[in-house]
Amino acid sequence: MPQSPSAHTSPGAVPTLTGRLKIQFDALDSCHQQTIDTLNLLVKLVDQLDQHAADEPVKRMARQIITFFGGESRAHHAEEEHLVFPPILQGLDHRLIEKVRRLQQDHVWLEQDWLELGLQLDAIARGYNWYDREALRQGTSTFVALYLDHIDLEESIIYPQAKRRLAERADAGAARTQAEQARRRA
Ligand SMILES: [Fe+2]
Ligand SMILES: [Fe+2]
């Protein structure tokens, strides 16, 4: 007895290209929100250190910030380098290419800034008092400003452009050729 297609696959198991892109870009957007939340946490930590020494809640905040910028945030940058930037770099729009080059430069600078900040936060998280409050404040201010600028450029221009270019790559031609060949063989 013939089985209906739904007996083999649920509708969500075979997403369209646009469906897959939506999932990937939604995840990137959601990571931006997490980035903004974690940047706010960093600002809060710096403010609290102005008022009192690093207590347990401050150490916890430091650990949370380290976990995010040392892990998920790096994976997010790698995903952008792999998925988002190439379709624009392979295109012909020089203004957009220049913007992606800026974003790539930002990734390098953000990583360098994070390595400095991460050292200070690591000291705080471990209860050492050799961290430099003024350097932490300055570093945080530069890091937050660059990150917010970076996210703005990605969300306003680069993500929509990359998504459009990736969607244009829909393999519609190949699928139709395959369907046509199947009919010829029948
Ligand atoms: Fe980025
Ligand atoms: Fe991003």
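Here is a short tour of some helices in this structure and one residue among them.

This is a predicted model, where local features need pLDDT of at least 70, side-chain atom pairs count only at pLDDT 80 or more, and totals for chains, interfaces and linings use all residues. Residues are numbered from 1 along each chain as its sequence is written, while chains are lettered from A and ligands numbered from 1 in the order in which they are written.

Let's start with helix H1 (helices are DSSP runs of H or I with at least four residues, numbered from the N terminus). Its 35 residues should span 51 Å at 1.5 Å a residue, and the end C-alpha atoms are 52 Å apart, which agrees. The expected span is 1.5 Å times one less than the number of residues.

The buried residues of H1 are Thr38, Leu39, Leu42, Leu45 and Leu49. Buried means 20 or more other C-beta atoms within 10 Å of a residue's own, exposed 12 or fewer, and partly exposed in between, with C-beta atoms placed from the backbone.

Next, meet Ile66, which sits in helix H2. Ile66 is partly exposed, because 18 other C-beta atoms lie within 10 Å.

| Pair | Apart in sequence | C-alpha to C-alpha |
|---|---|---|
| Ile66 and Leu121 | 55 residues | 7.1 Å |

Finally, the axes of H3 (residues 94–125) and H4 (residues 133–168) come within 9 Å and cross at roughly 150 degrees. H3 is therefore roughly antiparallel to H4 (angles over 145 degrees count as such, under 35 as roughly parallel, 65 to 115 as roughly perpendicular and the rest as oblique).

Key: Axes fitted to C-alpha atoms, helices over the stretch in contact; angles between N-to-C directions. Helix = DSSP H or I, 4+ residues; strand = E, 2+ residues; numbered from the N terminus.
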